[in-house]
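Dear colleague,

Please find below the structure that I am handing over to you. My notes on it follow directly after.

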Amino acid sequence: MSDKEEILMSQTQVESDQSSRIVWQHFFGLAIILSFVPTMFEFEYSLAFEYLTHKTLHILGGIMFTGNMLVSAVWMFFARKTKDKNVILFTSKTSEMLDRYVAAPGIVLILFNGILMASLFGGAWETQWLSEVVARFVIVTGIWILYLVPKQKAITKGVQAAVDNNTDLPETFLSDSKRWIIWSSVVVFFLFWTVQIMITKPTGEF
Ligand code: HEM
């Protein structure tokens, strides 16, 4: 096989990987939106396990999502300071992998167990502390899916090119990574605030 054919084949492979990833992201987003629909109509789900098992899985999901966001932001903050392309690339790629294998399953655990439990409280819209939590959850997952994940990928791509071609880090790296760290911190703040609401249930409706 000629070099040209090999390059074409690897380009086709990259394009098909990218499109399957895009399909996966849309499916994930759609599943999140659709799963809220029955709770809007006060539909009561039957629990798959004991209530406390759902609650444990829900809290585990919260730890996975919040922990991942916090550690990735702190890690990127210190990696940036080294100005070492290889350290930054390793951090960025690991953070991408953690998004896929820790944050995304964490979101699924929070969502599905949270919605099952919420249906026993009359649905997410019937109880004020629950609707406040759902609103925060939609905001943070929205920031994560629409801004943080794509930006993370763009940062990795730029740094990877700098390492491969032995050039300087992309000009936009410092501002992009700074913005990425700031928005990750906003998400962490919202998640901590959500934990506080979930535990104190401020309106006393429990
Ligand atoms: C779709 C969004 C969410 C829904 C519908 C939801 C729903 C619920 C429900 C119904 C409970 C049970 C309350 C009880 O048994 O007294 C609960 C507990 C809890 N949730 Fe959520 N939740 C959501 C998001 C989150 C998030 C994002 C976090 C944290 C990052 C979180 C952390 C917790 C914690 C720590 C508890 C235990 C509270 C306690 O036992 O006092 N939840 N959640």
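The shell around the ligand holds 23 residues, and those that come nearest are Gly62, Gly114, Met117, Phe137 and Met198. Please bear in mind throughout that this is a predicted model. Four helices each supply at least two residues of the shell around the ligand: α2 (51-82), α3 (85-119), α4 (128-164) and α5 (173-200). The largest share, six residues, comes from α3. By residue type, the shell comprises 17 nonpolar residues, five polar ones and one charged one.

As to the overall architecture, the chain contains five helices and zero strands, which gives the pattern α-α-α-α-α when read along the sequence. Of its 206 residues, 25% count as buried. Among the contacts between residues at least 6 apart in sequence, 82% join residues at least 24 apart.

The largest nonpolar core is made up of 31 residues, and Phe65, Met69, Ala103, Val187 and Leu191 have the most contacts inside it. Helices α2, α3, α4 and α5 each supply at least two residues of this core, with the largest share, ten residues, coming from α3. Thus α3 provides the largest share of the shell around the ligand and also the largest share of this core. Ala103 may serve as an example of the contacts made: leaving aside neighbours within four places in sequence, Ala103 is in contact with Met64, Phe65, Asn68, Met69 and Leu98.

One further residue deserves a description of its own. His54 has its place in helix α2. Is His54 buried or exposed? His54 counts as buried because 20 other C-beta atoms lie within 10 Å, and the cut-off for a buried residue is 20 or more. Not counting residues up to four places away in sequence, His54 touches Leu47, Phe49, Asn113, Leu116 and Met117. Of these partners, Asn113 is 59 residues apart from His54 along the chain, yet their C-alpha atoms are separated by 5.3 Å. Met117, another residue that His54 touches, is also one of the residues that come nearest to the ligand.

Finally, a word on confidence. The mean pLDDT of the chain is 86, and 79% of the residues reach 70 or more. Among the elements, α2 has the highest mean pLDDT, at 97, whereas helix α1 (residues 3-40) has the lowest, at 66. Where pLDDT is low, the predicted coordinates should not be read in detail.

With kind regards

Notes:
Residues numbered from 1 in each chain as written. Predicted model: local features only at pLDDT ≥ 70, side-chain atom pairs only at ≥ 80, totals over all residues. Near = placed C-beta within 6 Å. Nonpolar A, V, L, I, M, F, W, Y, C, P; charged D, E, K, R; others polar. Core = buried A, V, L, I, M, F, W, Y, C linked by C-beta atoms within 7 Å. Buried ≥ 20, exposed ≤ 12 C-beta atoms within 10 Å, placed from the backbone. Contact = placed C-beta atoms within 7 Å. pLDDT = per-residue confidence, 0-100.
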